[in-house]
Amino acid sequence: MHSILFLMAVLIAFALRWAIRYWPGKLDWPAALICFALPPMLLISTSAAIAWMGCGWMFGLPASMGSHLLAWMFLVWTGLSVLYLAEQTWQTLRAVQNYPISHWQGQKIRLLETDFPYSAQVGLWSPELVVSRGLLRLLTPEQIQAVLAHESAHLFYRDTWTFFWLGALRRLTFWLPETESLWQELLWQRECRADRHGANHCDPLVLAEALALVAQNAMVANPLPLGVPFAGQQDRLLARIDQLLSSTVTPSSHRFIAWGGSLLLLAISVLPLILIPLHIK
């Protein structure tokens, strides 16, 4: 019986991912988040329920040792995925600690001594702001202020923390369809959301100019892959600038939608756990 439950979770995961191919229009943030995160979270909660129940009976059918072992294997794989990303994060944070602390207009930054323009929030719940010398040389003080407003938005939404866990789910279910396309969509919407929030504290045109300048002068690999860089996804730069200059969605309403979608996602993903009382040893 437990094998059937696990198979159902896998089929639901595939069905949800295939369904977005027929989604009318563009995915917004809640829809993209649910389609990306719900399948792996459903598999994790199903595995946790099966591992907890062990062998026995359910709905009059036997629960075999095979499904029990399969559930534990998936949970171990989940743990290893999180540990791998945690180790990468720890290494990155150690590297960041070597950068000198500086201040720009009263704001504490970690100064990266390189010529290419770069800024990013690096860390987890309380990330540090890393800014390169090249960025400070390239932009005007007003444009730098706009970039820092954008980076403050990533801290406001706890993007580094959120995308650490989403990154673990991405590694866990790379084999599901549309994993990479949804990941890229979430990255892009994350940057658009930070642009909108930043534009609430500066001139949107100045922020758009800074974005274009940094993108044109930063055609290099991200030196801190776990950070949240200012100018990511160069191929969608124009669309991002268009959204920045024409958006009518307020940051507060977007944050409310994000929290609502997250709570709905969490509620649905733990549904398999309610089956535990139905198991008979």
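A crossing of two helices is right-handed if the near helix is turned clockwise from the far one by less than a right angle, and left-handed if the turn is anticlockwise. The legends below describe close-up views of a predicted model.

**View A. Helices α7 and α8 form a right-handed crossing.** Helix α7 spans residues 179–199 and helix α8 spans residues 204–216. Their axes come within 9 Å and cross at roughly 135°. This angle makes α7 oblique to α8, because it falls neither in the range from 65 to 115 degrees that counts as roughly perpendicular nor over 145 degrees, where roughly antiparallel begins. From α7, the residues D195, G198 and A199 take part in the contact, and they meet P204, L207 and L211 of α8. By class, the residues of this contact comprise four nonpolar, one polar and one charged.

**View B. Helix α5 packs against helix α7 in a right-handed crossing.** The axes of α5 and α7 come within 8 Å, with a crossing angle of roughly 115°. On the α5 side, the contact is made by A149, H150, A153, H154 and F156. These residues meet R190, E191, A194, D195, H197 and G198 in α7. The contact of α5 with α7 divides into four nonpolar, four polar and three charged residues. D195 and G198 appear in this list of α7 residues and are also listed where α7 meets α8.

**View C. H154 is a buried histidine of helix α5.** Helix α5 covers residues 141–156, and H154 lies within it. The relative accessible area of H154 is 1%, so the residue counts as buried, the limit for that class being under 20%. The side chain of H154 makes a polar contact with the side chain of H150, at 3.1 Å. Both H150 and H154 are among the α5 residues that meet α7.

**View D. E142 is an exposed residue of helix α5.** The relative accessible area of E142 is 52%, and the residue is therefore classed as exposed, for which the value must be over 50%. Although E142 and L207 are 65 residues apart along the chain, their C-alpha atoms are separated by 8.9 Å. L207 belongs to α8, where it is one of the residues met by α7.

**View E. T78 is a buried residue of helix α3.** Helix α3 runs over residues 65–97 and includes T78. With a relative accessible area of 15%, T78 is buried. The side chain of T78 reaches the backbone oxygen of F74 at 2.9 Å. When residues up to four places away in sequence are not counted, T78 touches I44 and L172.

**View F. R158 and E178 are loop residues with positive phi values.** R158 is found in the loop between α5 and α6, the latter helix comprising residues 159–172. Phi of R158 is near 55°, a positive value in a residue other than glycine. R158 has a relative accessibility of 26% and so counts as partly exposed. E178 is found in the loop between α6 and α7. Phi of E178 is about 70°, which is positive although the residue is not a glycine. E178 is likewise partly exposed, with a relative accessible area of 24%.

Technical notes. Residues are numbered from 1 along each chain as its sequence is written. This is a predicted model: local features need pLDDT of at least 70, side-chain atom pairs count only at pLDDT 80 or more; totals for chains, interfaces and linings use all residues. Side-chain values use heavy atoms; hydrogens and water are left out. Helices (H or I, at least four residues) and strands (E, at least two) are DSSP runs, numbered from the N terminus. Buried means under 20% relative accessible area, exposed over 50%, partly exposed in between (1.4 Å probe, protein chains only). A polar contact is a pair of N or O atoms within 3.5 Å; within protein, one must be able to donate a hydrogen and the other to accept it, and residues adjacent in sequence count only if both atoms are side-chain atoms. Axes are lines fitted to C-alpha atoms, for helices over the stretch in contact, and angles run from 0 to 180 degrees between N-to-C directions. Angles under 35 degrees count as roughly parallel, over 145 as roughly antiparallel, 65 to 115 as roughly perpendicular and the rest as oblique. Contact means heavy atoms within 4.5 Å. Ala, Val, Leu, Ile, Met, Phe, Trp, Tyr, Cys and Pro count as nonpolar, Asp, Glu, Lys and Arg as charged, and the others, Gly among them, as polar.
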